[in-house]
Amino acid sequence: MRIASFQRFPIFDDAEKAASVILRDLTWADSHGADLAIFPECYLQGHSYDRSINERRALCVDDPALQKLLEPLHSIRTAAIVGFVERRGDLVYNSAMLIESGAVAGVYAKANPLEDGCTPGDAFPVWQRAGRGFGINICSDFRDPAFSDAIVANGASVVCAPLNMMIRAHKVDQWREPAIESLRACAVRTGSWVISSDVVGDRGDGWMSCGCTLAVGPDGVIASKVPEWEEGAILLDIPPSFDLKRA
């Protein structure tokens, strides 16, 4: 299984611009034979902790505006996990959608949202790609091991981790290593691969992210990582799954 994961500057309230970046990056990933690509948390509309902003940005998966944004992806073979603010009836979720051939093939809703107004998800779907099962945990989901354990119990050997580590400037150094260690701990505990995708940069208003886009193997070793403070991507071949207990 070949996975691409992108570290990108955040985009706010401009889903068309975000979709154009996704199209560009997926075209690149497809040309390099990637089976799956991962984009950051809430990348499509932008991440916020504010209830009113999240309610305004939220989109239903069958919204014609969203369908129009996905149309250009129809011919791309690489599947994509894209973070977005989702509306389901009267409820808002911090979600990530799986896009295949320009259509939404599935959705995971963040089980441990810290964003005001976002409802916790309670389902842990697993999908198949290139002979591997994969699922999604989003950012603060990694604070509770039960969520990644549920994905692995459902058949995943790859945990995809859309992140948004855009935090107050004085907290960047405080959370840099713990963020990495939470991904490593998940990989070792579950015996799975953990692949993250994060935003990066300085918003200019006291919020910034150094970026935490990386791939961790079941042994806890970081196999690939995008340099901090830069946009970039990783492209990784994950070998066929094997039983760590018998290795």
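Start with helix α5, which contributes the most residues to the lining of the largest pocket, five of them. The structure on screen is a predicted model, so treat each stop below as a description of that model.

**The largest pocket**

Select residues 172-190 to show α5, then add residues 167-168, which form β9; these are the elements that each give two or more residues to the lining of the largest pocket. The space inside is about 510 Å³. To find its middle, select Leu114, Cys139, Arg143, Met165 and Trp175, the closest to the centre among the 22 lining residues. Colour the lining by class and you will see twelve nonpolar, six charged and four polar residues.

**The largest cavity**

Keep Met165 and Trp175 selected and add Arg176, Cys210 and Cys212. These five are the closest to the centre of the largest cavity, out of 13 residues that line it. About 80 Å³ of space lies there. Which element gives the most to this lining? Again α5, with five residues. By class, the lining of the largest cavity holds eight nonpolar, three charged and two polar residues.

**The second largest cavity**

A search of the whole structure gives two cavities of 30 Å³ or more. For the second largest, select Ala19, Ile22, Leu44, Leu69, Leu70, Leu73, Met97 and Ile99, the residues that line it. Three elements supply two or more residues each to this lining: α1 (15-31), α3 (64-70) and β4 (91-100). The volume here is about 40 Å³. What classes make up the lining of the second largest cavity? Eight residues are nonpolar, with no polar and no charged residues.

**Ala18 in helix α1**

Stay with helix α1 and select Ala18, which is part of it. Is Ala18 buried or exposed? Ala18 is buried, because its relative accessible area is 0%, and the cut-off for buried is under 20%. Setting aside residues up to four places away in sequence, Ala18 touches Ile11, Tyr43 and Leu44. Now draw a distance from the C-alpha atom of Ala18 to that of Arg132: the two are separated by 28 Å, and they lie 114 residues apart along the chain.

**The nonpolar cores**

In soluble globular proteins, nonpolar side chains tend to be buried together. To see this here, select Leu36, Ile81, Phe134, Val158 and Ile195, which touch the most other members of the largest nonpolar core, a set of 42 residues. The largest share of this core comes from α5, with five residues. Another core lies apart from it and has 26 residues, including Ala15, Leu44, Leu70 and Met97. Leu44, Leu70 and Met97 were also selected for the lining of the second largest cavity.

Next, zoom in on Val158. Beyond its neighbours within four places in sequence, Val158 is in contact with Met1 and Ile3, with Arg132, Gly133, Phe134 and Gly135, with Ser192, Trp193 and Ile195, and with Ile238.

**Confidence**

To finish, colour the model by pLDDT. The mean for the protein is 96, and 97% of its residues reach 70 or more. Then select residues 242-247, where the pLDDT is below 50. Beyond near neighbours in sequence, this stretch has three contacts in the model.

Notes
Residues are numbered from 1 along each chain as its sequence is written. Side-chain values use heavy atoms; hydrogens and water are left out. On a 1 Å grid over the protein atoms alone, a cavity is a set of points where a 1.4 Å probe fits but cannot get out, and a pocket is an open set with protein on both sides within 12 Å along at least five of seven lines; lining residues have an atom within 4 Å of a point. Grid points are joined across faces, edges and corners, and a volume is the space filled by probe spheres set on the points. Helices (H or I, at least four residues) and strands (E, at least two) are DSSP runs, numbered from the N terminus. Ala, Val, Leu, Ile, Met, Phe, Trp, Tyr, Cys and Pro count as nonpolar, Asp, Glu, Lys and Arg as charged, and the others, Gly among them, as polar. pLDDT is the predictor's confidence in each residue, from 0 to 100. Contact means heavy atoms within 4.5 Å. A nonpolar core is a set of buried Ala, Val, Leu, Ile, Met, Phe, Trp, Tyr and Cys residues joined through side-chain atoms within 4.5 Å. Buried means under 20% relative accessible area, exposed over 50%, partly exposed in between (1.4 Å probe, protein chains only).
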